[in-house]
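Hi,

Here is the structure I promised to send over. Have a look at it first, and my notes on what turned up follow below.

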Amino acid sequence: MNANASPAPAITFELHPSEQRVPDGVRASLLESPGFGQVFTDHMVSLKWSAERGWHDGKLEPYGPIVLDPATAVLHYGQEIFEGLKAYRQEAGQIVTFRPFANAARFRRSAVRMAMPELPDEAFVQAIELLVAHDKDWVPASPEQSLYLRPFMFATTRALGVGRPASSYLFLLIASPVGGVFSGGLRAVSVWLEREYTRAARGGTGEAKAGGNYGAAFAGQQRAVDHGCDQVVWLDATEHRWVEEMGGMNLFFVRGSGPAARLMTPALTGSLLPGITRDSLLTLAPDLGYPVTEGAISVEEWRAGCESGEITEVFACGTAAVITPVGEVRGDDGAWAVGDGTPGPVTMRLREELLGIQFGRRPDPHGWVHKIL
Ligand SMILES: *Cc1c(COP(=O)(O)O)cnc(C)c1O
């Protein structure tokens, strides 16, 4: 990018706080069991971009519906990107987020891939700080609950011509208090190896956090459910053999156990989404004494490793569900268990450490925690 080469004016947000906030008692009962992405806070942040004006009209305003012309470009051609991060209420009372500048940088990379304008990192983080500060009462205080933040941007140009990207965009930030993603507490999930549908191919948009990737993935996830599994595992688009991701999460494999345990995660080949949780574990695991490599693992190696006992644990990771153990694998040619099918000790240790940093129960040696209030 981008079209606005002259020095950009500073991005500012006007404050229009809500005069009809959800009453305290109603909010408290919503926070008792918020589910995931069903309850939203009092406010949202919006910011426009146009080829003529660049970024403009930044606002914090009451959460509410937006009106779009039926010819709005995103509704036809899917030019949309998003991010996902959380605000945590730590035990000492402060409210923090986790590595928001990493999300800001990924948002810019997604924008470049989708031929959209790049939002400066400072404005991305400023929007988050503003929304969390105004909706601080929505940051849950219960263990493992948090405020999920969803920044996103889409093409708003009213035109059906397909020759070029849109010339106007809307950035929005909304927030939703959340409990765990997978209901019913932490348990190992079962996964379906999808051999026909693929999520992403090299050169495609798999590296970008684009809504269209999810639109294209629902049929595979539906197949997983049809086969009695919780989640789909995506394989490479060429050979349908190399393991890439689980649903919207990255995967880690544990070989060996006790002091000999070591980790492997599929390398970022161009079709995987570069998760910030994945990146954090690449640093955190060695801190805890588990060596990590980025590599490749085929379905056959996964099965043989579990059958010989070499692969002891498998888990998925991402912001929403943190770390989710994988207990059983099913595919066209049979099923197998990972370990004894229950959450393993390395998985649980990493989960506890990561949550410990986020919730302020552990030191933060890498400066990942970003204080808001
Ligand atoms: C968002 C996402 C992840 C996880 O990324 P985090 O930054 O760790 O939340 C993994 N895979 C896909 C496809 C995703 O969309």
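Let me start where the two halves of the assignment meet: 22 residues of domain 1 are in contact with 22 residues of domain 2. On the domain 1 side, Phe82, Phe98 and Arg106 lose the most area to domain 2, together 32% of what that side buries. Do keep in mind that this is a predicted model.

To place those domains for you, the assignment puts domain 1 at 13–178 and domain 2 at 189–358. Their centres, taken over C-alpha atoms, are 28 Å apart. Between them about 1,800 Å² is buried, and carbon and sulfur atoms give 56% of that area.

Now the polar side of the interface. The rule picks out 13 residue pairs in polar contact across it, and it also finds two salt bridges between domain 1 and domain 2. Elsewhere in my notes I have Arg99 and Asp279, whose side chains meet in a salt bridge with an N to O distance of 2.9 Å.

Which elements of domain 1 supply at least two residues each to the side that touches domain 2? They are β4 (80–82), β5 (85–89), β6 (95–98) and α3 (100–113). Of these, α3 gives the most, with six residues. If you sort the residues on that side of domain 1 by type, you get ten nonpolar, four polar and eight charged.

Salt bridges also turn up in the wider count, which comes to 24 by this rule. One I would look at is Glu83 with Arg106, where the closest N and O atoms are 2.8 Å apart. Glu83 sits in the loop between β4 and β5 while Arg106 is in helix α3, so this pair ties together parts that are 23 residues apart in sequence. Arg106 is also one of the residues named above for losing the most area to domain 2.

Finally, the chain as a whole. It has nine helices and 18 strands. Its radius of gyration is 21 Å, close to the 21 Å that the globule rule gives for 373 residues, so the chain is as compact as a globular protein of that length. Along its principal axes, the C-alpha trace spans about 60 × 50 × 40 Å.

That's what I have for now.

Cheers

How values were computed
Residues numbered from 1 in each chain as written. Predicted model: local features only at pLDDT ≥ 70, side-chain atom pairs only at ≥ 80, totals over all residues. Heavy atoms only, no water. Domains from an automatic or database assignment. Contact = heavy atoms within 4.5 Å. Buried area = accessible area lost by both parts, 1.4 Å probe. Salt bridge = Lys/Arg side-chain N within 4 Å of Asp/Glu carboxyl O. Polar contact = N/O pair within 3.5 Å; in protein donor to acceptor, adjacent residues only side chain to side chain. Helix = DSSP H or I, 4+ residues; strand = E, 2+ residues; numbered from the N terminus. Nonpolar A, V, L, I, M, F, W, Y, C, P; charged D, E, K, R; others polar. Rg over C-alpha atoms; globule rule 2.2 N^0.38 Å.
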